[in-house]
Amino acid sequence: MSSELNEELRGGTSRPVAHRERSFVPDEYSDIELLQAHVRGQRHAFAELLRRHNDHLWQTALRTSYTREDAADSLQDALLSAHRRAASFRAEAEVRSWLHAIVVNACLDRIRRNKTRRAFSLSPETMPEPSDDRDEMAELETSMIIDHALFSLPPDQRTALVAIDLEGYSVSEAAAMLGVPEGTIKSRCARARQRLKERLEFLRDPGNRR
């Protein structure tokens, strides 16, 4: 992470505050006000914005990337980009959605640069053995299978599906964040759901659900 952003997160900055403003009490600032304060040179403003949304942004990076390492690197790239591009924010969407889109795009850029995709096998040999009783291990194994199936989707389908089905964004919100038409979001989600249905069909077997 750059020294500039590191300083910001540590609470210091070498940039002078352009003019005096109301006492900086983070809880009294909205997200937009925090971003505007950061642009004006208010120290701590960007760090407070990240504190509010860090968990969401990290989960977004994890769900979009193929590895935790790529997620961490992509999130760092995204935060540096947001730090530098703050003045370009035009309040056409919520700050959280703006940050979300920057993180997703950073993850997709890294995937394209890597030009490799992890392949997950859903062959019978790698499937969990049916258990007689539902227990924590069975729950964990099922969760891993579902995660593997999700990450076997093409990145554009996965990001659309995650935004709609896991994070609860509307089709219009997801379209705005990802910069594609609403119809594209709908078609990507439909294809993703069909692929997941096909790859997870075996879970319908009562023996695998007990």
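What percentage of the 210 residues of the protein chain count as buried? In this predicted model, the share that counts as buried is 43%.

**Figure 1. Overview of the protein chain and its helices.** The secondary structure of this predicted model comes to ten helices and zero strands, so that, read from the N terminus on, the elements run α-α-α-α-α-α-α-α-α-α. Among contacts with a separation of 6 or more, 62% are made by residues 24 or more positions apart in the protein chain. The accessible surface comes to about 12000 Å², and carbon and sulfur atoms contribute 49% of that surface.

**Figure 2. Helix α5, a helix largely enclosed by the rest of the structure.** Helix α5 covers residues 95-114, and for these 20 residues a rise of 1.5 Å a residue predicts a span of 28 Å, which agrees with the 29 Å between its end C-alpha atoms. Of the 20 residues of α5, 14 are buried, and the helix is therefore largely enclosed by the rest of the structure. Cys107 has a relative accessibility of 1% and so counts as buried. Arg110, in helix α5, also has a relative accessibility low enough to count as buried, at 15%.

**Figure 3. Salt bridges between helices α4 and α5.** The structure holds eight salt bridges, and this view shows two that involve arginines of α5. Arg110 pairs with Asp73, with 4.0 Å between the closest N and O atoms; the pair links distant parts of the chain, since Arg110 belongs to helix α5 and Asp73 to helix α4 (residues 68-85), 37 residues apart. The two partners differ in burial, because Arg110 is buried at 15% relative accessibility, whereas Asp73 is partly exposed with a relative accessible area of 29%. Arg113 forms a salt bridge with Asp77, where the closest N and O atoms are 3.9 Å apart, and this pair again links distant parts of the chain, with Arg113 in helix α5 and Asp77 in helix α4, 36 residues apart. Asp77 has a relative accessibility of 31% and so counts as partly exposed.

**Figure 4. The surroundings of Ser74 in helix α4.** Ser74 lies in helix α4 and, at 0% relative accessibility, counts as buried. Leaving aside residues up to four places away in sequence, Ser74 touches Ser65, Ala106, Cys107 and Arg110. Of these neighbours, Cys107 counts as buried at 1% relative accessibility, and Arg110 is the residue that forms a salt bridge with Asp73. The C-alpha atoms of Ser74 and Thr64 are separated by 9.7 Å, and these two residues are ten residues apart along the chain.

**Figure 5. The buried and exposed faces of helix α9.** Helix α9 (residues 182-199) has 18 residues and reaches 26 Å from its first C-alpha to its last, close to the 26 Å expected at 1.5 Å a residue. Its buried residues are Ile185, Arg188, Cys189, Ala192 and Leu196, and, seen down the axis of α9, the buried residues fall within an arc of 100°, so they line one face of the helix. The face turned away from this buried side carries the exposed residues Lys186 and Glu198. Cys189 counts as buried, its relative accessibility being 3%; a search of the whole structure nevertheless finds zero disulfides.

**Figure 6. A salt bridge between helices α7 and α9, with a separate network.** The side chains of Asp156 and Arg188 meet in a salt bridge at 3.7 Å, N to O. Because Asp156 lies in helix α7 (residues 155-166) and Arg188 in helix α9, the pair ties together parts that are 32 residues apart in sequence. Asp156 is partly exposed, with a relative accessible area of 28%, while Arg188 is buried, with a relative accessible area of 16%. Elsewhere, salt bridges that share partners join Asp31, Glu48, Arg51 and Arg52 into one network.

**Figure 7. His44 in the loop between α2 and α3.** His44 lies in the loop that runs between α2 (31-40) and α3 (45-64). Although His44 is not a glycine, this residue has a positive phi of about 80°. Most residues other than glycine have a negative phi. His44 counts as partly exposed, at 30% relative accessibility.

Technical notes
Residues numbered from 1 in each chain as written. Predicted model: local features only at pLDDT ≥ 70, side-chain atom pairs only at ≥ 80, totals over all residues. Heavy atoms only, no water. Helix = DSSP H or I, 4+ residues; strand = E, 2+ residues; numbered from the N terminus. Buried < 20%, exposed > 50% of the residue type's maximum accessible area, 1.4 Å probe, protein only. Contact = heavy atoms within 4.5 Å. Areas by Shrake-Rupley, 256 points an atom, 1.4 Å probe, with all protein chains shown as cover. Expected span 1.5 Å × (residues − 1). Disulfide = S-S within 2.5 Å. Arc of directions from axis to C-beta.
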